[in-house]
Amino acid sequence: MLKLYGGARSRASIIQWYLEELAVPYQFVMLDMQAGEHKQPEYLTINRMGKVPAIVDGNLQLWESGAILLYLADKYSKTPLSPEERGIFAQWVLFANATLGPGVFVEANREREMPRLLTPLNEIFEGQSFILGDEFTVADVAVGSMLAYIPIMLKLDLSAYPEVLNYIKRISERPAFQKSIGGRS
């Protein structure tokens, strides 16, 4: 059975959300980050960087939330992914982790980056329910988790982006979200 390693209030909840969406059985291994369990030799054999999340799936040991999301999308998709689909999923997962997250959560970037990032997202959601259309995908887990963290962690005013707010509400009501991120907020 796939094992997901994480800590309280860690990005492991994003992986947990996607595993719940996919209905993939997994064992959640909670590491006590305060006690330094993520820096113990046993865990460092899984991720020598000593960070969470990480998964062990058979012989595969994988860390970095974006890489894990893309692996899960590829392995558990109902239909094989084309190179184009893989590229689009990677684009949005990398956007969430490398652009959206730092743009919103790094205070020095926020004033400049939020309008630049949230305005086009708002426009996307004016015409469709999810990032890539009317179907929920791994792109929604990556981008949606970052957006959902804004009202939870930063309490920023998003009223200028009503469709982003509607999107956050829509994904936050999903049962898999409630079992993972929603249960920790």
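Contact here means heavy atoms within 4.5 Å, and the structure shown in these views is a predicted model.

**View 1. Helices α6 and α7 meet in a crossed arrangement, roughly perpendicular to each other.** In this view, D140, G144, L147, A148 and P151 of α6 are in contact with V164, Y167, I168, I171 and S172 of α7. The residues of this contact comprise seven that are nonpolar, two that are polar and one that is charged. Two packed helices are described by the angle between their axes and the distance between the axes. For α6 and α7, which covers residues 162–172, the angle is about 105 degrees and the axes lie 9 Å apart; since angles of 65 to 115 degrees count as roughly perpendicular, the pair is therefore placed in that class.

**View 2. V141 is a buried residue of helix α6.** The relative accessible area of V141 is 0%, and because buried means under 20%, V141 is classed as buried. When neighbours within four places in sequence are left aside, the residues in contact with V141 are I14, W17, Y18, L69 and F136. Between V141 and P151 there are 16 Å in space, C-alpha to C-alpha, for a separation of ten residues in sequence.

**View 3. Helix α3 turns one face, lined by its buried residues, towards its surroundings.** The helix spans residues 65–76, twelve residues in total, and its first and last C-alpha atoms are 16 Å apart, close to the 16 Å expected at 1.5 Å a residue. Its buried residues are S65, G66, I68, L69, L72 and A73. Viewed down the helix axis, these buried residues fall within an arc of 165 degrees, so they line one face of α3. Among the elements that cover them are the strands β1 (2–6), β3 (54–57) and β4 (60–63), together with the helices α1 (12–22), α4 (83–105) and α6 (138–154).

**View 4. Backbone geometry is shown at R9, K155 and the bond between V52 and P53.** Most residues other than glycine have a negative phi, and most peptide bonds are trans. R9, in the loop between β1 and α1, has a positive phi near 55 degrees and counts as exposed at 65% relative accessibility. K155, in the loop between α6 and α7, likewise has a positive phi near 55 degrees, and at 63% relative accessibility K155 counts as exposed. The peptide bond that joins V52 and P53 is cis, with omega at about 10 degrees, and P53 is placed in the loop between α2 (41–44) and β3.

Notes: Residues numbered from 1 in each chain as written. Predicted model: local features only at pLDDT ≥ 70, side-chain atom pairs only at ≥ 80, totals over all residues. Heavy atoms only, no water. Helix = DSSP H or I, 4+ residues; strand = E, 2+ residues; numbered from the N terminus. Expected span 1.5 Å × (residues − 1). Buried < 20%, exposed > 50% of the residue type's maximum accessible area, 1.4 Å probe, protein only. Arc of directions from axis to C-beta. Axes fitted to C-alpha atoms, helices over the stretch in contact; angles between N-to-C directions. Parallel < 35°, antiparallel > 145°, perpendicular 65-115°, else oblique. Nonpolar A, V, L, I, M, F, W, Y, C, P; charged D, E, K, R; others polar.
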